[in-house]
Amino acid sequence: MPWITAMVALPLLGALSLIFVPPGALTQSRIYAVVAALGTLVMTCAVVGLFHRGDAALQFRDFQAWAPGIGLNWDVGVDGISLWLLVLTAALFFLAILHACFRPPARPRGYLALLLLAEAALLGLFSSGNLALFYVFWEAMLVPFYFLIGMWGGPRAGQATLKFVIYTMVGSLLMLVAVLATGFIAQAHTGQFTLDIQQLRGVAFTSSESTWLFAGFAAAFAIKLPLWPLHGWLPDAYSAAPIVVTGLLAAVMSKAAAYGLLRVGLPLFPEGADRFAIPLAVMALIGIVYGSLVAWRAPTMRLLLGYSSLAHLGFIVLGIMIFDLQGAQGAV
């Protein structure tokens, strides 16, 4: 059974099914959303139970060639890094949907559909084995959060979404350039255009190529984490978003960027990562101190969550960038 494909598809189908629910049918919307989220969580637990912990290779891999000539393939799977992020995503989105069912917001059908779309995108991102697929899910993840903040947020939701879009658009453009450049440079080395993450690990990028490519990905990840001083979108977004969305931003979406460093940044471009290790570690350390001090004096629980999240993400990045096995395990 294609477990990972089914895990990604089920919340997506749940979101699409809500389109056919009449606007006033709250009970039907609840049932569709809960069934999709619960089914996804059950499949995730099944994958955990079937996962072979002694095998370091990608497991439950589902590969379908779409357009291999331009690097487009459906390639998903799970390993020890992504396994628990899939569990985290499925569990927290199930709780978020339960909360929305018991305390329904305005326009609950759209709210539940956007939560399911965000869940599908994050599950796809955490299981992607192809850079093009990773980028598609990265972009798909941002769209539901944009509408959730803008349409269900507080009085400053407009300003918050504007900052969120500006910051994330810059990061997304940098990542798009880096993805395309990776494929073309790999073609120059191997004679084949590929965006397959496993194949790209075997490409001998030069020192300068590795540095520039890592810089493109790292900038996008640093904005999304966020790392100090690229956290300008965080206070407004965390303050304006519905409380459940604030929790998902802190607990799941920010982890997507840390996962990107572990999955893409370090394995594909080790020389570039080595060159940027000290600057990123310094940014992480400043974020730890700054986030902790501001959180200590935060006037609201939302800002306390936001700035403490900035601090604890600094610890995660620090664990990744010291290039130590125990540090990486601690980051995970």
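Thr44 touches Met7, Leu86, Val87 and Ala90 when residues up to four places away in sequence are not counted, a contact being a pair of heavy atoms within 4.5 Å. The residue is placed in helix α2 (residues 26-50), where helices (H or I, at least four residues) and strands (E, at least two) are DSSP runs numbered from the N terminus. Thr44 is buried, with a relative accessible area of 2%; the term buried denotes under 20% relative accessible area, exposed over 50%, and partly exposed the range in between (1.4 Å probe, protein chains only).

The model is a predicted one, in which local features need pLDDT of at least 70 and side-chain atom pairs count only at pLDDT 80 or more, while totals for chains, interfaces and linings use all residues. Residues are numbered from 1 along each chain as its sequence is written, and side-chain values use heavy atoms, with hydrogens and water left out.

One of the contact partners of Thr44 is Leu86, which is found in helix α3 (residues 80-102). Leu86 is likewise buried, with a relative accessible area of 1%. With neighbours within four places in sequence left aside, Leu86 is in contact with Met7, Thr44, Val78, Leu123 and Phe126. Met7 thus appears in the contact list of Leu86 and in that of Thr44. The C-alpha atoms of Leu86 and Leu325 are separated by 22 Å, the two residues being 239 apart along the chain.

At the level of the whole chain, the protein has 14 helices and two strands. Its radius of gyration is 20 Å, close to the 20 Å that the globule rule gives for 332 residues, so the protein is as compact as a globular protein of that length. The radius is taken over C-alpha atoms, and the globule rule is 2.2 Å times the number of residues to the power 0.38. The C-alpha trace spans about 60 × 50 × 35 Å along its principal axes. Of the 332 residues, 53% are buried. Among contacts between residues at least 6 apart in sequence, 74% join residues at least 24 apart.

The exposed surface of the protein amounts to about 14,100 Å², of which carbon and sulfur atoms supply 71%; areas were computed by the Shrake-Rupley method with a 1.4 Å probe, and for residues only the protein chains shown count as cover. There are 15 positive and 12 negative side chains, and the centres of the two sets lie 18 Å apart. In this count Lys and Arg are positive and Asp and Glu negative, with His and the chain ends not counted; each charge is placed at NZ of Lys, CZ of Arg, CG of Asp or CD of Glu.

Aromatic pairs were assigned to rings of Phe, Tyr and Trp (its six-membered ring) with centres within 6.5 Å, planes under 30 degrees apart counting as stacked, over 60 as edge-to-face and the rest as tilted. By this rule the count comes to 11 aromatic pairs. The ring centres of Tyr111 and Trp152 are 5.4 Å apart and the planes stand at 70 degrees, so this pair is edge-to-face. Tyr111 lies in helix α4 (residues 108-127) and Trp152 in helix α5 (residues 131-152), so the pair ties together parts that are 41 residues apart in sequence. Tyr111 and Trp152 are both buried. For Phe205 and Phe269 the ring centres are 5.4 Å apart and the planes are at 55 degrees, so the pair is tilted. This pair links distant parts of the chain, 64 residues apart: Phe205 is in the loop between α7 (197-200) and α8 (207-224), and Phe269 in the loop between α10 (243-268) and α11 (270-275). Both of these Phe residues, Phe205 and Phe269, are buried.

Phe205 and Phe269 also belong to one aromatic cluster that includes Phe134, Trp138, Phe217 and Phe221. Phe221 is placed in helix α8 and is buried, with a relative accessible area of 1%. Beyond its neighbours within four places in sequence, Phe221 is in contact with Phe134, Trp138, Met175, Ala257, Gly260 and Leu261. The C-alpha atoms of Phe221 and Thr168, 53 residues apart along the chain, are separated by 9.7 Å.

Two cis peptide bonds may be described for the loop between α8 and α9 (234-240), in which Pro226 and Pro229 are found. A cis bond joins Leu225 and Pro226, with omega about -5 degrees, and the peptide bond from Trp228 to Pro229 is cis with omega near 5 degrees.
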